[in-house]
There are 2 protein chains.
Amino acid sequence: MTSTNHPLDLLVRNLELRARLSQEDRDAILALPYTLRTLDHLTYTIREGDPPRECAVLVSGFAYRQKTTQDGARQIIALHLPGDALDFQNMYLKVSDHSVQMLTRGEVAIIAREELQELAQARPAIGHAILIKTLVEASIFREWVLNVGRRKARERMAHVLCELGSRMDALGLTQEHGYELPMTQEELADALGLTPVHVNRTLKLLEAEGLIMRTRRSIRFPDWERIREAADFNERYLHLDLQVPSSS
Amino acid sequence: MTSTNHPLDLLVRNLELRARLSQEDRDAILALPYTLRTLDHLTYTIREGDPPRECAVLVSGFAYRQKTTQDGARQIIALHLPGDALDFQNMYLKVSDHSVQMLTRGEVAIIAREELQELAQARPAIGHAILIKTLVEASIFREWVLNVGRRKARERMAHVLCELGSRMDALGLTQEHGYELPMTQEELADALGLTPVHVNRTLKLLEAEGLIMRTRRSIRFPDWERIREAADFNERYLHLDLQVPSSS
DNA sequence: CCTGTTCTCAAACATATGTTTTATTTGGAT
DNA sequence: ATCCAAATAAAACATATGTTTGAGAACAGG
């Protein structure tokens, strides 16, 4: 059990949450050439329309996927936590169909696209782990379509708060699902398909109901089961375990 | 140029729209053992919670991906056309996080999951083609998050109508983007995160604006450019061409 | 420590979309 | 042909969420 400080160690652990890697696979990932860079809030990792040349791996801080409407409305499509590779969704396509931006200041390890692709090809277990990870991301997209399409503001809000709680929990970034919310209410609004003022109303409502406790950006859930219920939150879609098929 | 009647030929053509396959790859796909079955409207191909054991390939008719809320609200996540494999999104995961159902009566070729996975492993080009296809599906999920989250009913409606037009066009199922809408207004509502009543209003509105012409379920666009604009529709997210990276 | 900018919060008002109900039309089954 | 169930359509009314505006609080940069 190595507890290295290698920036890509987080990526390895991230992949190993759902797929099996051999020691050689791990080492091969850690041997990838990369550039470590600190990026400010709002810095783009990739922009819609650009050809993906590299893959950024989030080492610290948070990021999000985003698309905008012709008249400037922004929709946040996904949130990313340390250890997430930000460009698996793009790097096998010719041009990016959406943008990825830093949600907070943070560090990123940049890997050349071909390096990663060659590794995935040379080591099928790594390719498979990447496939699994992209499929889980797609599952989260699906849940977001449901969330934004069919849940009311209160449930919708509660749902992303739960998702963040669960995912941070899986990384050990929280105590009892409580965490520091890494975004403003305006950004929350863009993730929920709501308006900033309605986000504010809704947070106040959840607070008044005793479903959440807030001090500034810090969120705590006095009763995790109760908010799970209120949010209609079922973590199945996060596929938070080893994805070895229950063979037939 | 073989114009066979093999049911899986559609799948091959579907994959070849975006990825390169060799003649051996094609043959290997066509050599897959499969069961042809005719499924009625609403038949499930896979259900949320089930472990995926097989992959259905749509041969004729239409299907959709779907999730529901605890209190029964349904959201349609994606629409599928002939040639689409319905279970790429599930078959590498342990349990399905959503359901797939027939939108119309139609035929399906059922392939055992392991057969397909083994083929994808044995022939990297096929594995790659599958990866590309799942990534494009994910791209469509993202566009739907934007559509449902940030576009008003009119644009939202116009947008799915355009998506269907474009995708059917790519299959040669349309004349000048006009086509037979394979779903009821209630199903449309579930795809749009709207109410059937409002779907009806919105269709009437688009019709009154001269953006669409309808007779029953048949849709035509008097001016494709005009509705594209009204829909804020940019087909980039469909990645309708060969995905060979513009190498750096 | 000050200062400007960015966030949060609030209130009053506007509107897009939802709800309920009922009528009409359509299409598939007998 | 006939009939029943489902789909479309329409109207009247309800409400969740959006819009606009502004004030106080927090924070970042000098």
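Let me start with a single residue, B:E137, which is buried, with a relative accessible area of 5%. Before going further I should say that what we are looking at is a predicted model, and I will keep to what can be read from that model. B:E137 sits in helix α4 of chain B, the helix that covers residues 124-150. If we leave out residues up to four places away in sequence, B:E137 touches B:R65, B:H80, B:A85 and B:Q89.

That helix leads us to the contact between the two chains, where α4(B) gives the most to the side of chain B that touches chain A, with 17 residues. How many residues does the contact take from chain B and from chain A? The contact takes 59 residues from chain B and 59 residues from chain A, and the area buried between them is about 5,000 Å², with carbon and sulfur atoms giving 56% of that area. Three residues, B:K94, B:R142 and B:R150, supply 16% of the area that chain B buries against chain A, which is more than any other three residues supply.

Turning to the polar side of this contact, there are 10 salt bridges between chain B and chain A, and there are 30 residue pairs in polar contact between these chains, both residues being at pLDDT 80 or more. Besides α4, the elements β4 (63-68), β5 (74-80), α3 (113-122) and α6 (185-192) of chain B each supply at least two residues of the side that touches chain A. Sorted by class, that side of chain B has 24 nonpolar, 18 polar and 17 charged residues. As one example of a salt bridge, A:K94 is joined to B:D241, and the closest N and O atoms of this pair are 3.1 Å apart.

Another residue to look at here is B:H239, in the segment after α8 (224-231) of chain B. Is B:H239 buried or exposed? B:H239 is buried, because its relative accessible area is 4% and the cut-off for buried is under 20%. Setting aside neighbours within four places in sequence, B:H239 is in contact with A:L93, A:V95 and A:D97 from chain A, and with B:R18, B:V136 and B:S139 from chain B. With A:D97 there is also a polar contact of 2.8 Å between the side chains. Within chain B, B:H239 and B:I140 are 99 residues apart in sequence, and yet their C-alpha atoms are 9.5 Å apart in space.

Let me now move to the strands of chain B, and to β7(B) in particular, which is mostly covered, 5 of its 7 residues being buried. Which strands pair with β7(B)? Strand β1 of chain B, residues 35-39, pairs with β7(B) in the antiparallel sense over 5 bridges, and within this pairing B:T35 has B:I110 as its bridge partner. Strand β3 of chain B, residues 54-60, also pairs with β7(B) in the antiparallel sense, here over 6 bridges. Along that pairing, B:E54 stands opposite B:A112, while B:L58 has B:V108 as its bridge partner. Strand β3(B) is itself mostly covered, with 5 of its 7 residues buried.

Within β7(B), which spans residues 106-112, we find B:A109, a buried residue with a relative accessible area of 0%. Not counting residues up to four places away in sequence, B:A109 touches B:L8, B:Y34, B:T35, B:L36, B:C55, B:A56, B:V57 and B:V59. B:A109 and B:G83 are 26 residues apart in sequence, and the distance between them in space is 9.9 Å, C-alpha to C-alpha.

Finally, a look at chain A, where strand β5, residues 74-80, is largely enclosed by the rest of the structure, because 7 of its 7 residues are buried. Strand β4 of chain A, residues 63-68, is joined to β5(A) by 6 bridges, and the two strands run antiparallel. In that pairing, the bridge partner of A:A63 in β5(A) is A:H80. The hairpin that β4(A) and β5(A) make has 5 residues between the strands, and in this hairpin A:G72 takes a positive phi near 90°.

To return to where we began, B:E137 is buried and lies in helix α4 of chain B, and that helix gives the most, 17 residues, to the side of chain B that touches chain A.

Methods
Residues are numbered from 1 along each chain as its sequence is written. Chains are lettered from A and ligands numbered from 1 in the order in which they are written. This is a predicted model: local features need pLDDT of at least 70, side-chain atom pairs count only at pLDDT 80 or more; totals for chains, interfaces and linings use all residues. Side-chain values use heavy atoms; hydrogens and water are left out. Helices (H or I, at least four residues) and strands (E, at least two) are DSSP runs, numbered from the N terminus. Buried means under 20% relative accessible area, exposed over 50%, partly exposed in between (1.4 Å probe, protein chains only). Contact means heavy atoms within 4.5 Å. Buried area is the accessible area (1.4 Å probe) that two parts lose on being put together, summed over both. A salt bridge is a side-chain nitrogen of Lys or Arg within 4 Å of a carboxyl oxygen of Asp or Glu. A polar contact is a pair of N or O atoms within 3.5 Å; within protein, one must be able to donate a hydrogen and the other to accept it, and residues adjacent in sequence count only if both atoms are side-chain atoms. Ala, Val, Leu, Ile, Met, Phe, Trp, Tyr, Cys and Pro count as nonpolar, Asp, Glu, Lys and Arg as charged, and the others, Gly among them, as polar. Two strands pair if DSSP finds at least two bridges between them.
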